[in-house]
Amino acid sequence: MLLSGLIPFAVIFIELLFVFQSLWQNKSGFYYMFGFLAVVSVILVVTIAEVTVVTIYVQLCSENYHWWWQSFFVGGSSAVWVFLYSVWYYMFKLHITGFVSSLLFFAYTFIACCVYGLLTGTIGFLSAYAFVRRIYSAIKVD
């Protein structure tokens, strides 16, 4: 599941770098690339749907029909990679000193990663649900 989350993370990697720079390093705190963010968000949704459908198809081909939660976790597994990237960003890019500042960074990042994981997991589940309904509705039992 974690390897399948690496592909959606690769889609948002550069945009995530810009968002982190805007949030944590820029003194003005403004983010100006909303058009690029919208395009990357659409590409992310399509990528999550495709990766989830492929993994669920492989799972169904191996006759494992417990796909419900796995589709959610495959879709949401890129949140783990985002959190690991934020830990790397904290260690090597930020110069935060103090326990409270570090706690705030990790608390906000953890909450953002949980919301991101719920969003991408929902996208993965809904795409897998539509895929499974589609392929099983095409079966003719005579």
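**Cysteines**

The count of disulfides in this predicted model comes to 0. For C113, the closest cysteine sulfur lies in C114 at 7.3 Å, which is too far for a bond, because a disulfide requires a pair of cysteine sulfur atoms within 2.5 Å. C113 counts as buried, with a relative accessibility of 8%. C61, by contrast, is partly exposed, at a relative accessible area of 48%.

**Accessibility of selected residues**

The following table sets out the relative accessible area of three residues, including the two cysteines just described.

| Residue | Relative accessible area | Class |
|---|---|---|
| C113 | 8% | buried |
| C61 | 48% | partly exposed |
| L104 | 43% | partly exposed |

**Nonpolar surface patch**

L104 is found in helix α5 and belongs to a nonpolar surface patch of about 780 Å². The other contributors to this patch are L23, W24, F99, V100, L103 and Y108. Two elements, α1 (6-25) and α5 (99-137), give two or more residues to the patch. The largest share, 5 residues, comes from α5. L104 can take part because its relative accessible area of 43% satisfies the requirement of over 30% for patch residues.

**Helix α3 and its cover**

Helix α3 spans residues 68-76. Within α3, the residues S71, F72, V74, G75 and G76 are buried. The cover over the buried residues of α3 includes helices α2 (34-61), α4 (78-92) and α5. Helix α5 thus appears in two settings: α5 gives 5 residues to the nonpolar patch, and α5 is among the elements that cover the buried residues of α3.

Key
Residues are numbered from 1 along each chain as its sequence is written. This is a predicted model: local features need pLDDT of at least 70, side-chain atom pairs count only at pLDDT 80 or more; totals for chains, interfaces and linings use all residues. Side-chain values use heavy atoms; hydrogens and water are left out. Patches are made of residues with over 30% relative accessible area and no salt bridge: like charges are joined within 9 Å, nonpolar side chains (Val, Leu, Ile, Met, Phe, Trp, Tyr) within 5 Å. Accessible areas come from the Shrake-Rupley method with a 1.4 Å probe; for residues, only the protein chains shown count as cover. A salt bridge is a side-chain nitrogen of Lys or Arg within 4 Å of a carboxyl oxygen of Asp or Glu. Helices (H or I, at least four residues) and strands (E, at least two) are DSSP runs, numbered from the N terminus. Buried means under 20% relative accessible area, exposed over 50%, partly exposed in between (1.4 Å probe, protein chains only). Contact means heavy atoms within 4.5 Å.
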